[in-house]
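Visitor: Could you take me on a close look at the ligand site, and at the parts of the fold that lead up to it? I would enjoy one connected tour rather than a list.

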Amino acid sequence: MRYFPFFHDLHNKCCLIVGGGTIALRKARLLIKAGARLRVVAPSVGPELQSLVAESGGECLFERYNEHHLDDAVLVISATDIDVVNEQVAGDCHRLRLPVNVVDNPSLCSIITPAIVDRSPLIIGVTSGGEAPVLARMVRSRLEAIFPSRYGLLGSLASRFREAVKARFSDGEQRRRFWEKTLQGPVAEQVFANNLEKAEQLMAQAIDQAGDDTLGEVYLVGAGPGDPDLLTFKALRLMQQAEVVLYDRLVSQPILELVRRDAERIYVGKKRDLHAVPQQDINQRLVDLAKQGKRVLRLKGGDPFIFGRGGEEIELLADNNVPFQVVPGITAASGCAAYSGIPLTHRDHAQSVRFVTGHLKEGSSDLPFNEMASANQTLVFYMGLVALPEICLKLISAGKDPKTPAALIERGTTPNHQVHIGDLETLPELVKNTEVHAPTLLIIGSVVALHSKLNWFDQ
Ligand code: SAH
């Protein structure tokens with residue numbers, strides 16, 4: 001992070017603008033909105049800017065900039081098109097440790113001004129640090145669209161009830177939960193519909209009745225195979241609501257970064273044969289946290305119900321009457337296949353697809369290889385890297401054509417996505433001689449041959 005964002009209280013504070021043209025005017029408008037007292041310095045100042053400054057109780061000094069203009073100022077904006085003046089202003093400010101912004105000249109700035117979405121009291125600032133201003137403005141436009149203009153009214157309503165809520169809940173956690181519930185529920189809807197009276201009524205009612213539900217909730221959420229763009233909207237929403245997150249080794253870093261910043265993060269990842277936290281402990285922990293009233297996110301790679309032991313985790317929740325929701329995710333088979341140009345079914349190749357665990361029990365696999373050897377099906381092995389030679393060999397022994405195409409996909413859908421292509425005979429050897437990184441997925445079937453034509457994802 002190259003810049004640290006701040007929100008500056010400029011109410012009744014003196015801000016200096018050097019320059020009297022249209023850019024100065026634009027900056028003046030914003031600063032006045034924030035309650036600043038303006039001092040505008042320039043040999044000539046446009047008429048609109050002059051009247052704006054006069055109306056807001058500021059002053060215009062029709063002269064060249066000199067250091068004395070900085071007296072009392074808490075913020076300086078240099079908006080002239082004369083380089084030497086901009087440099088002089090910036091130099092003086094840097095010496096005096098005064099925050100200065102030189103318009104369109106990031107190298108002279110000690111502060112930069114963001115693109116603003118004003119839903120006061122809610123204010124959003126977006127910056128690209130001067131590197132891609134158009135992108136920042138595009139983000140702002142999207143935010144403008146996401147947050148209805150009445151969002152500000154919701155903020156004001158929250159502010160009016162702040163004391164009442166504080167009095168009702170002494171515990172900060174409870175308070176936060178209350179706010180999150182009301183600001184996303186019917187109260188908010190009434191505000192957006194401009195029914196403020198009704199919104200206030202509902203709010204008062206909610207304060208009266210709240211506090212009885214001390215039981216938390218668990219969200220069992222599939223995070224997909226790695227690419228954060230493959231998350232569902234629901235997953236993202238719950239990721240931003242939960243106060244505690246228990247996550248796996250398979251959940252990628254960019255996805256974790258989308259979890260609410262202040263959420264407690266608990267790693268319960270497992271490596272093959274190396275269980276960081278035993279499954280029963282995870283199950284119990286979910287119950288305990290929910291009983292403390294927490295909203296708990298159990299974030300799992302792929303889909304929680306596909307080789308994810310999600311079923312076991314919610315069974316204990318159900319036994320303990322803890323409310324839960326399950327959010328499906330894109331499973332590794334779908335993600336890896338799509339990003340490798342390997343359709344899992346295809347009219348000419350496979351009429352069915354089978355998801356199989358390749359995890360060995362006591363060093364060996366007792367899968368129904370005879371069934372799996374029949375033609376026109378695609379086999380997808382999860383956790384199959386160690387057993388890869390055995391799987392290929394047993395399929396061949398069961399009668400499968402040794403030339404059946406097979407792909408091993410490592411770290412699918414991530415920037416490190418790699419596809420290794422061979423057949424039942426050659427793939428084990430190829431993989432043995434290659435450095436392969438977990439997680440990997442094995443796809444076997446004639447659909448794999450389509451990869452060479454349909455591959456679209458850069459590797
Ligand atoms: N619930 C998960 C699967 C968990 S089992 C899902 O639905 O995807 C763990 C196995 O999933 C790994 O051993 C690997 O075979 C597979 N896997 C998960 N993510 C993967 C990825 N990004 N690339 C390749 N394989 C992956």
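**Around the ligand and its sheet**

Guide: Happily! Let us start at one pair of residues: Y382 stands opposite L441 in β19. This is a predicted model, and that pair is a good way into the site. Y382 belongs to strand β16 (residues 377-382), which pairs with β19 in the antiparallel sense over four bridges. Both strands sit in an open sheet of five, with the order β15-β16-β19-β17-β18 and mixed pairing. The edges are taken by β15 (352-357) and β18 (418-423); each has a single partner strand, so one side of each is left without a neighbour in the sheet. Direction ignored, neighbouring strands here are turned by 20° against each other on average.

Now for the ligand itself. There are 18 residues around it, and those that come nearest are P225, D303, I306, T331 and T440. Backbone atoms matter for our tour: an oxygen atom of the ligand is 2.6 Å from a polar backbone atom of T440. A ligand oxygen also lies 2.8 Å from a polar backbone atom of M383, and for D303 a polar backbone atom is likewise found 2.8 Å from an oxygen of the ligand. On its own the ligand has 540 Å² of accessible area, and the protein covers 92% of that. Two elements give two or more residues to the surrounding shell, namely α14 (332-339) and β19 (440-444).

What kinds of residue make up this shell? They divide into eleven nonpolar, five polar and two charged. As for where they come from, domain 3 (217-330) and domain 4 (333-454) each supply at least three residues.

Next, the loops that lead into these strands, where the backbone has some features worth a look. Most residues other than glycine have a negative phi, and most peptide bonds are trans. Against that background, A438 and P439 are joined by a cis peptide bond, with omega about -5°. P439 is placed in the loop between α17 (427-432) and β19. Then there is N376, which is not a glycine yet has a positive phi of about 60°; N376 lies in the loop between α15 (369-372) and β16.

A second cis bond is worth a detour. The peptide bond from S120 to P121 is cis, with omega near 5°, and P121 is found in the loop between β6 and β7. Those two strands form a hairpin, joined through two residues. Strand β6 (residues 115-119) and strand β7 (residues 122-126) run antiparallel and are joined by five bridges. Within that pairing, V126 in β7 is the bridge partner of A115.

To finish, here is another open sheet to set beside the one we began with. Its five strands have the order β3-β2-β1-β4-β5, with parallel pairing. At the edges stand β3 (59-61) and β5 (100-102), each with a single partner strand, so one side of each is left without a neighbour in the sheet. The twist in this sheet averages 15° from one strand to the next. Strand β1 (residues 14-18) runs parallel to strand β2 (residues 37-41), and five bridges join them. One position to click on is L16, which stands opposite R39 in β2.

Notes. Residues numbered from 1 in each chain as written. Predicted model: local features only at pLDDT ≥ 70, side-chain atom pairs only at ≥ 80, totals over all residues. Heavy atoms only, no water. Near = heavy atom within 4 Å. Polar contact = N/O pair within 3.5 Å; in protein donor to acceptor, adjacent residues only side chain to side chain. Areas by Shrake-Rupley, 256 points an atom, 1.4 Å probe, with all protein chains shown as cover. Nonpolar A, V, L, I, M, F, W, Y, C, P; charged D, E, K, R; others polar. Domains from an automatic or database assignment. Pairing = 2+ DSSP bridges. Axes fitted to C-alpha atoms, helices over the stretch in contact; angles between N-to-C directions.
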